[in-house]
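Please look over the model below before reading on. The text walks through its confidence, one residue and a set of charged pairs.

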Amino acid sequence: MVHLRRLGAGPLAGSVTYPSEYIPAMRICAVAVGDYGTGYCIDKPRDAADWRLPVPPGRWWLWAWPEDGSGVPGRHSQASDCIADGRHGCDDHAMRVLEVGAGETRGGVQINDWYADPEDGINPEPPRGEPLPDH
């Protein structure tokens with residue numbers, strides 16, 4: 001097995017929000033664009049907003065699934081910046097692709113779009129979860 005550190009694994013980091021008075025325990029995953037079964041996941045306890053997730057170089061979608069199974073997953077979408085700024089008319093729920101280069105760190109990523117209709121785009125089940133890479 002090749003260690004992903006040698007491939008230049010780097011972390012994605014940010015925060016997750018939830019439309020409630022609390023943030024439920026979450027499974028946060030970076031899912032490979034074009035391969036919904038491949039992903040790197042971490043579990044966060046209730047009310048834990050900040051997350052850090054090492055991934056190998058590639059193109060990723062970010063999702064958050066409430067551990068209690070309620071509702072559709074949250075996503076990092078085209079609407080994420082609009083939602084984070086508290087603006088109105090945040091209607092573009094298309095997934096935003098994050099491209100990560102070798103050794104690159106991407107911070108400030110919001111997983112905050114809980115408003116997409118499941119028919120508007122991809123709502124996969126959580127991926128099987130690959131072992132987290134060294135970083």
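What follows starts with confidence, then turns to S80 and to the salt bridges.

This is a predicted model, in which local features need pLDDT of at least 70, side-chain atom pairs count only at pLDDT 80 or more, and totals for chains, interfaces and linings use all residues. Residues are numbered from 1 along each chain as its sequence is written, and side-chain values use heavy atoms, with hydrogens and water left out.

The chain has a mean pLDDT (the predictor's confidence in each residue, from 0 to 100) of 84. A value of 70 or more is reached by 86% of its residues. Over residues 1-6, pLDDT stays under 50. For that stretch the model has eight contacts (heavy atoms within 4.5 Å) beyond four places in sequence. Where pLDDT is low, the predicted coordinates should not be read in detail.

S80 lies in helix α1, which covers residues 80-84. Helices (H or I, at least four residues) and strands (E, at least two) are DSSP runs, numbered from the N terminus. With a relative accessible area of 0%, S80 is buried; the classes are buried under 20% relative accessible area, exposed over 50%, and partly exposed in between, with a 1.4 Å probe and protein chains only. Leaving aside residues up to four places away in sequence, S80 touches R75, Q110, N112 and D113. The S80 side chain also reaches the backbone nitrogen of S77, at 2.9 Å.

Now to the charged pairs. A salt bridge is a side-chain nitrogen of Lys or Arg within 4 Å of a carboxyl oxygen of Asp or Glu, and by this rule the count comes to four. One of them joins the side chains of D43 and R27, at 3.0 Å from N to O. This pair links distant parts of the chain, as D43 is in strand β3 (residues 39-44) and R27 is in strand β2 (residues 26-32), 16 residues apart. R27 is partly exposed, at a relative accessible area of 21%.

Another salt bridge is formed by the side chains of R46 and D47, with an N to O distance of 3.5 Å. R46 counts as exposed because its relative accessibility is 52%, whereas D47, at 46%, counts as partly exposed.

The side chains of D85 and R87 also meet in a salt bridge, at 3.1 Å from N to O. Here D85 is exposed, with a relative accessible area of 55%, and R87 is partly exposed, with 46%.

Definitions and conventions:
Polar contact = N/O pair within 3.5 Å; in protein donor to acceptor, adjacent residues only side chain to side chain.
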